[in-house]
Structure formats: structure tokens, C-alpha cells
Amino acid sequence: MSAATTRSRTPDRLCAEAVDLARSAAEEAAAPGVVGEHSGLMSEGDRVVTHFFECKEFGYRGWRWAVTVARASRAKLVTLDEVVLLPGPDALQAPEWVPWSERLRPGDMGPGDLLPTDAEDLRLEPGYSGEDEPLPNSAVSAAGSATAAASVELAADLADAEDADITAGSPSAFTVVPARGSIAAVAEELGMRRARVLSRYGLHSAADRWEDSYGPKTPMAQAAPATCVSCGFLVAIGGSLGQAFGVCTNEFAPADGRVVSLAYGCGGHSEAAIMPKPPVPPPHVIDETIVDPFPLRPAADSGSVGTDTDEAVADLGHS
């Protein structure tokens with residue numbers, strides 16, 4: 001360790017004694033009665049010392065007023081450097097900022113909320129290719145972009161407020177769209193044309209998420225009498241996801257209006273019309289529940305002598 005480093009860790013004597021100067025500077029910067037007791041000092045370097053004072057202001061628990069003083073080389077006059085309010089080791093601070101894209105959870109969106117989708121979102125991929133021009137009434141055409149100028153401006157304001165990033169320009173500038181008269185244009189008129197569709201990653205993510213909520217491994221499905229594939233309340237969906245999922249329409253079922261796996265099931269199955277009977281145990285081989293009577297005294301007619309014997313003969317007995 002060098003001598004300069006050793007000197008920098010040792011507080012300068014004159015700077016360390018300038019507590020009154022530091023307190024007056026802190027009281028001038030803060031409100032009256034906010035600066036508390038002197039809570040220590042720290043050497044910042046050669047002839048540079050920071051004094052700490054407790055902060056008594058409400059809402060700043062654990063914070064300290066830090067006043068840095070310094071002295072020039074071979075000078076005896078201590079001067080003021082800066083005054084700041086800093087958090088202490090146990091200070092009450094606001095939680096760390098989390099971007100909106102990481103704070104958002106399913107169900108957080110409300111009426112009027114906009115959720116900008118990144119142009120490079122892995123869940124989506126282009127729905128068509130080529131260099132055709134869009135239809136006049138298309139949302140990605142030049143006319144449609146001009147009509148939606150107010151919406152784009154609103155989205156930009158919301159993005160600035162949420163510290164979000166959106167793709168600059170209108171969708172027609174970076175989206176490839178079909179021309180009129182082509183097969184793609186006819187598909188768009190029929191409602192089968194979209195700028196982007198689900199990618200393979202997006203399909204797998206949705207399938208995993210739905211199966212975790214209403215899949216065959218849930219406790220409800222394990223105790224169900226049958227699966228949803230044979231239920232009359234199941235409505236099929238199109239696309240590749242329709243091979244494994246459908247929509248439940250039973251208002252009494254726990255998954256009413258939800259996308260369920262075909263292997264899911266519940267007690268509201270359409271064919272569960274007869275309630276199952278409780279199991280009946282088989283009869284016992286040896287019935288141990290019946291008590292056999294066992295008299296403590298023999299019966300009167302169980303001996304060789306009848307009950308109608310003369311009393312005189314009975315006294316002498318018989319041979």
C-alpha cells in the first residue's frame with residue numbers, strides 16, 4: 001500500500017474538526033429542524049472529509065445529510081465542497097425500477113390500454129411475403145396509416161410515459177402487403193389475411209400455458225369421469241391448435257369460456273348423467289359381527305331328570 005493511499009484513508013485533522021461548518025451548510029440547504037445529530041465522518045481523499053448528519057424529515061427514515069469539506073495543500077482554511085442527502089445502510093428507499101414489459105402480468109390490461117408489440121417479437125412471424133401493394137382500405141396501407149395518425153400519436157405518448165420502445169414510422173413502411181387482384185389480396189378480403197401470425201415458438205408457448213391451467217395433469221382432470229374430447233359442451237377451434245384444444249361452454253364447469261385441452265375433464269361432462277354408486281364391500285367369510293349367546297347356567301330341561309319328578313323322590317335322588 002502506497003503512502004498516498006494511507007494518507008487518503010486517514011481523515012484530515014482540520015477537516016474532521018470542521019463539524020460546525022458542515023452543520024451550518026446542511027441547515028442552510030435543508031428545512032429548519034431537519035438536520036439531526038452528527039453521525040460520523042468519512043475520509044474521501046487527501047484533505048477531503050465528508051460529515052454525516054441524521055435526517056429528521058418525515059419519509060426519509062435512515063437517510064443522512066452528507067456535507068463534504070476540503071482543504072488546500074498547506075492551507076489552514078477549510079472550505080465547503082457539496083451538500084447532498086444520501087441514503088444510509090438501513091434507509092427507506094423506493095423499490096428498484098422495473099420496465100413495464102417486465103411488470104405486465106396476464107389480466108393487467110383494462111379498457112383503453114394499449115400494449116405495443118415489438119416488431120421482432122418471437123411469438124409472431126410475417127403472415128405473407130412479397131412486394132405487393134396493400135388494399136386501399138387496409139390498415140397497413142398509406143391511406144389507412146394517414147387515417148390512424150391520431151392513434152399512432154397516442155401510442156407514442158403512451159410509450160414515452162411508460163418508457164417503452166415502438167417501431168418508428170407507419171406499418172406500411174416495414175410490412176410487406178399484397179397487391180389487388182392477387183391471391184393474397186382475395187384472402188385479405190375474406191378475412192384470412194394478417195400482417196403477422198403466430199410463429200412456432202408462439203404456438204408452443206400458448207399450448208404449454210393452456211395445458212398447465214386446464215390440462216390432463218390437473219387434479220380436476222385426474223378425478224373426472226371422462227375427457228373433454230367426448231363432451232358435448234366442447235366447441236372445436238380452428239388451426240393447428242384445434243388438434244389438441246377446444247373451448248368449454250358448460251356454465252357450471254370450472255373452465256367455462258376457457259380454452260381446455262382435449263385430455264382435460266371435470267365433473268360437468270355431458271355424459272355423466274348417472275351418479276356413480278358408492279362401492280359396497282363384499283360379505284365377510286367369517287361374520288365376526290354376530291354374537292352367539294352362551295348361558296352361564298344350564299337349562300332346566302337339559303338333564304336326564306324331568307322337571308315333573310315328585311319332590312319326595314327328588315330328595316332321595318335316583319340311581
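Begin with the whole chain in view: of the contacts (heavy atoms within 4.5 Å) with a separation of 6 or more, 55% are accounted for by residues 24 or more positions apart. What you have open is a predicted model, in which local features need pLDDT of at least 70 and side-chain atom pairs count only at pLDDT 80 or more, while totals for chains, interfaces and linings use all residues. Residues are numbered from 1 along each chain as its sequence is written, and side-chain values use heavy atoms, with hydrogens and water left out.

Colour next by secondary structure, and the chain shows 11 helices and nine strands, these being DSSP runs numbered from the N terminus (helices H or I of at least four residues, strands E of at least two). Of the 319 residues in the chain, 22% are buried, where buried means under 20% relative accessible area, exposed over 50%, and partly exposed in between, with a 1.4 Å probe and protein chains only. If you switch on the surface, its accessible area is about 23,400 Å², and 56% of that belongs to carbon and sulfur atoms; such areas come from the Shrake-Rupley method with a 1.4 Å probe, and for residues only the protein chains shown count as cover.

Now select helix H3, residues 19-29, where Ala22, Ala25 and Ala26 are buried. These alanines are on the same side of H3, because they cover an arc of only 100° around the axis, the arc being that of the directions from the helix axis to the C-beta atoms. An α-helix has 3.6 residues a turn, so residues three or four places apart point the same way. Turn to the other side of H3 and you find Asp20 and Glu28 exposed. Add strands E1 (35-45), E2 (48-55), E3 (63-71) and E4 (78-87) to the selection, since the buried residues of H3 pack against them.

From these strands, move to two loops. Arginine 47 lies in the loop between E1 and E2 and is partly exposed, at 29% relative accessibility, whereas arginine 74 lies in the loop between E3 and E4 and is exposed, at 82%. Phi of arginine 47 is near 65°, a positive value in a residue other than glycine, and phi of arginine 74 is near 65° as well. Most residues other than glycine have a negative phi.

Select proline 126 next, which lies in strand E5 (residues 124-126) and is exposed, with a relative accessible area of 62%. Show valine 197 with it: the two are 71 residues apart along the chain, yet their C-alpha atoms are separated by 6.2 Å.

Continue to glycine 215, in the loop between helix H9 (200-213) and helix H10 (219-222), where this glycine is buried with a relative accessible area of 0%. Leaving aside residues up to four places away in sequence, glycine 215 touches Trp210, Ala221, Ser261 and Tyr264. Of these, serine 261 is 46 residues from glycine 215 in sequence and 5.2 Å from it in space, C-alpha to C-alpha.

Finish inside the protein, where a search of the whole structure finds one cavity of 30 Å³ or more. On a 1 Å grid over the protein atoms alone, a cavity is a set of points where a 1.4 Å probe fits but cannot get out, and lining residues have an atom within 4 Å of a point. Grid points are joined across faces, edges and corners, and a volume is the space filled by probe spheres set on the points; for the largest cavity this comes to about 110 Å³. To find the cavity, select Cys228, Cys231, Cys248, Cys266 and Gly268, which lie nearest its centre among the 15 residues of the lining.

Key
On a 1 Å grid over the protein atoms alone, a cavity is a set of points where a 1.4 Å probe fits but cannot get out, and a pocket is an open set with protein on both sides within 12 Å along at least five of seven lines; lining residues have an atom within 4 Å of a point.
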